[in-house]
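Could you walk me through this model, one region at a time? I'd like to start with a pocket and then see what sits around it.

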Amino acid sequence: MNSDRRTLAQRERSALVETMRAAGPDAPTLCAGWTTRDLAAHLVVREARPDAAVGVVLPALASRMEELRLREADRPWDELLEKIAAGAPWYSPLRYADRLANAAEYLVHHEDVRRADGEWTKRQFDIEDLDRIWSLGTTVSKTFLRRVAARVDLRTPPGIRLTKPGAVSTGAALAPMVSVTADPVELILWAFGRDAVDVDISGAQQGIDAVKAVPRGF
């Protein structure tokens, strides 16, 4: 690993800012009901107000996070983008956990903008990035599939090179077998609840139905 190389989180942050800049503040995203301005405001609040950002997972704080997000959305577009590009402020824990906490966040939201109009193509990543994305995607997938009434194998399609290839299994041990086949980027997007993805789900129909019925994402 090249120690001078920018992390995946840093590169996806920069790429997202440039994609948003090119799309403009009123472009659609895969986040239901949100424009690029709405998404940008969410990212600013998430990093600058960690006390409110837990509203993503704690419903009791969701209204406070939304209040702050709407306030940020009133900022000039370029100012919002500059805030995202600058990263979390010094007092935010996310500034010091950027590599761990933001790789998936910025990769997924970058694709939220790229894929919103339906005219998207897959990007190419090197094996180091693919290993990282696969690890993140399988971790998130196992979180929401752990109690599904199916035995799920998460697989990459032929031609995808990873350092440690092979299926990752999760779900109920004694249950219908299902394979979820996707490259690392498609898997992490699917795991976070996106449908504009190239994912193949095959196996016993009962198991497929069980997998598709499980809520994905956060």
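The second largest pocket comes in at a volume of about 230 Å³. A pocket here is found on a 1 Å grid over the protein atoms alone, as an open set of points where a 1.4 Å probe fits, with protein on both sides within 12 Å along at least five of seven lines; lining residues have an atom within 4 Å of a point. Grid points are joined across faces, edges and corners, and the volume is the space filled by probe spheres set on the points. Of the 16 residues that line this pocket, the closest to its centre are Arg-123, Gln-124, Phe-125, Leu-130 and Ile-160. The lining splits into six nonpolar, two polar and eight charged residues. For that split, Ala, Val, Leu, Ile, Met, Phe, Trp, Tyr, Cys and Pro count as nonpolar, Asp, Glu, Lys and Arg as charged, and the others, Gly among them, as polar.

Before going on, keep in mind that this is a predicted model: local features need pLDDT of at least 70, side-chain atom pairs count only at pLDDT 80 or more, and totals for chains, interfaces and linings use all residues. Residues are numbered from 1 along each chain as its sequence is written, and side-chain values use heavy atoms, with hydrogens and water left out.

Which helix gives the most to the lining of the second largest pocket? That's α9, with three residues; α8 and α9 (184-191) each supply at least two. Helices (H or I, at least four residues) and strands (E, at least two) are DSSP runs, numbered from the N terminus.

Now take α9 itself. Eight of its eight residues are buried, so α9 is largely enclosed by the rest of the structure. Buried means under 20% relative accessible area, exposed over 50%, and partly exposed in between (1.4 Å probe, protein chains only). The cover over α9's buried residues includes α7, α8, β1 (151-155), β3, β4 (200-203) and α10 (205-213).

Val-185 is a handy residue to zoom in on, as it lies in α9 and counts as buried at 7% relative accessibility. Setting aside its neighbours within four places in sequence, Val-185 is in contact (heavy atoms within 4.5 Å) with Arg-115, Phe-125 and Ile-133. Its C-alpha is 7.3 Å from that of Trp-134, although the two are 51 residues apart along the chain.

Over in α8 there's Ser-141, buried with a relative accessible area of 0%. Beyond four places in sequence, Ser-141 is in contact with Leu-154, Leu-187, Trp-190 and Ala-191; the last three of these are listed among the buried residues of α9.

Strand β3 (residues 177-181) holds Met-177, which is partly exposed, with a relative accessible area of 44%. Outside its neighbours within four places, Met-177 is in contact with Arg-151, Asp-153, Ser-202, Gly-203 and Ala-204.

Finally, look at α1 (residues 8-23): its 16 residues reach 22 Å from first C-alpha to last, close to the 22 Å expected at 1.5 Å a residue, where the expected span is 1.5 Å times one less than the number of residues. Buried here are Leu-8, Ala-9, Glu-12, Arg-13, Leu-16, Val-17 and Met-20. Seen down the axis of α1, these buried residues fall within an arc of 160°, so they line one face of the helix; the arc is that of the directions from the helix axis to the C-beta atoms. What covers them includes α2 (36-48), α5 (77-86), α7 (98-114) and α8 (127-145). After α1 comes Gly-24, with a positive phi near 90°.
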